[in-house]
Amino acid sequence: MIMRNGFSFLFLARLKSYMDLEIHMIPISLKLLSSHETGGGCYAAHFNRNGELLMGCHDGIHIYSGDYDMAERTVEGNHVTSIASNGVNYLIIEHKENQRLVTKSSSNLTNLDEIFNYGFPGRNSAFLAATSKFVIACSKGSLVVYNFATNLKTMQHLDFQPKVLRFDSVENLFVTSTDGLHKYSQDDCGKLTPIWTCSEIVGAGGIAFTKCGDIVVQSYKGKQIYIISPQG
């Protein structure tokens with residue numbers, strides 16, 4: 001049930017407090033907090049534990065603190081299209097013609113060191129996601145899985161072109177595509193197994209999670225976001 005007026009939410013909040021209930025509140029609107037000038041192409045955004053905003057841009061990673069319009073500093077890179085963290089390092093994809101470089105940086109973000117590269121024809125942005133054991137990156141009709149322990153990379157072929165990747169808190173992998181949102185589990189060897197696909201999303205793009213575990217997916221074909229339960 002979605003109740004849209006303020007009285008209904010106030011009543012539910014008091015009921016929750018009185019009965020110690022976990023009531024699932026579904027977001028119904030967005031409010032703009034701030035905007036930032038990047039001076040060119042901007043492809044990715046990531047908040048670190050210090051509350052800094054890292055923006056992947058045409059010339060590297062722009063780092064913002066608070067609501068400042070201009071970046072405090074920039075880590076030089078080449079068309080940074082994705083930023084993730086595995087709790088130890090930042091993992092970054094840099095875009096080069098017909099090739100993608102996966103690089104890493106320590107928590108102080110002073111420089112980017114290449115881990116591996118792979119062929120990816122065309123101009124499409126590639127995205128990645130990371131855990132303490134693996135980093136997974138988008139390729140042409142497939143995913144590149146890199147094992148930190150063995151320094152080996154393998155390819156997992158898909159029936160669609162992956163767009164954006166995100167791991168949830170229990171390390172299930174979520175992938176968006178023109179076919180919708182796909183959820184996978186991953187074993188200790190890095191192999192992915194499909195759990196479910198939500199095909200009702202038109203133009204699935206970016207992925208985020210609510211504190212209740214719902215998945216929020218942005219549509220790049222319209223001005224909508226979709227909210228999907230963990231069960232799909």
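Phenylalanine 209 is partly exposed in this predicted model, with a relative accessibility of 27%. Its ring belongs to an aromatic pair with phenylalanine 174, and the structure holds five aromatic pairs. Two of these pairs are described below, followed by a cluster and two charges over rings.

**The pair of Phe174 and Phe209**
- The two rings meet edge-to-face, with 5.4 Å from centre to centre and 65 degrees between the planes.
- Phenylalanine 174 lies in strand S14 (residues 173–177) and phenylalanine 209 in strand S17 (residues 204–209), so this pair, 35 residues apart, links distant parts of the chain.
- Phenylalanine 174 has a relative accessible area of 1%, so this residue is buried.

**The pair of Phe116 and Tyr146**
- Here the planes stand at 20 degrees and the ring centres are 4.8 Å apart; the pair is stacked because the angle is under 30 degrees.
- This pair also links distant parts of the chain, as phenylalanine 116 sits in strand S8 (residues 113–119) and tyrosine 146 in strand S11 (residues 142–147), 30 residues apart.
- Is phenylalanine 116 buried or exposed? Phenylalanine 116 is buried, with a relative accessible area of 6%.
- Tyrosine 146 counts as buried as well, at 6% relative accessibility.

**A cluster of rings**
- Phe116 and Tyr146 join Tyr118 and Phe148 in one aromatic cluster.

**Charges over rings**
- Which ring has arginine 100 over its face? That ring is phenylalanine 120, and arginine 100 lies at 4.5 Å from the ring centre.
- Lysine 163 places its charged end over the ring of tyrosine 220, 4.8 Å from the centre of that ring.

How values were computed. Residues are numbered from 1 along each chain as its sequence is written. This is a predicted model: local features need pLDDT of at least 70, side-chain atom pairs count only at pLDDT 80 or more; totals for chains, interfaces and linings use all residues. Side-chain values use heavy atoms; hydrogens and water are left out. Rings of Phe, Tyr and Trp (its six-membered ring) pair if their centres lie within 6.5 Å; planes under 30 degrees apart count as stacked, over 60 as edge-to-face and the rest as tilted. Helices (H or I, at least four residues) and strands (E, at least two) are DSSP runs, numbered from the N terminus. Buried means under 20% relative accessible area, exposed over 50%, partly exposed in between (1.4 Å probe, protein chains only). A charge sits over a ring if NZ of Lys or CZ of Arg is within 6 Å of the ring centre and within 35 degrees of the ring normal.
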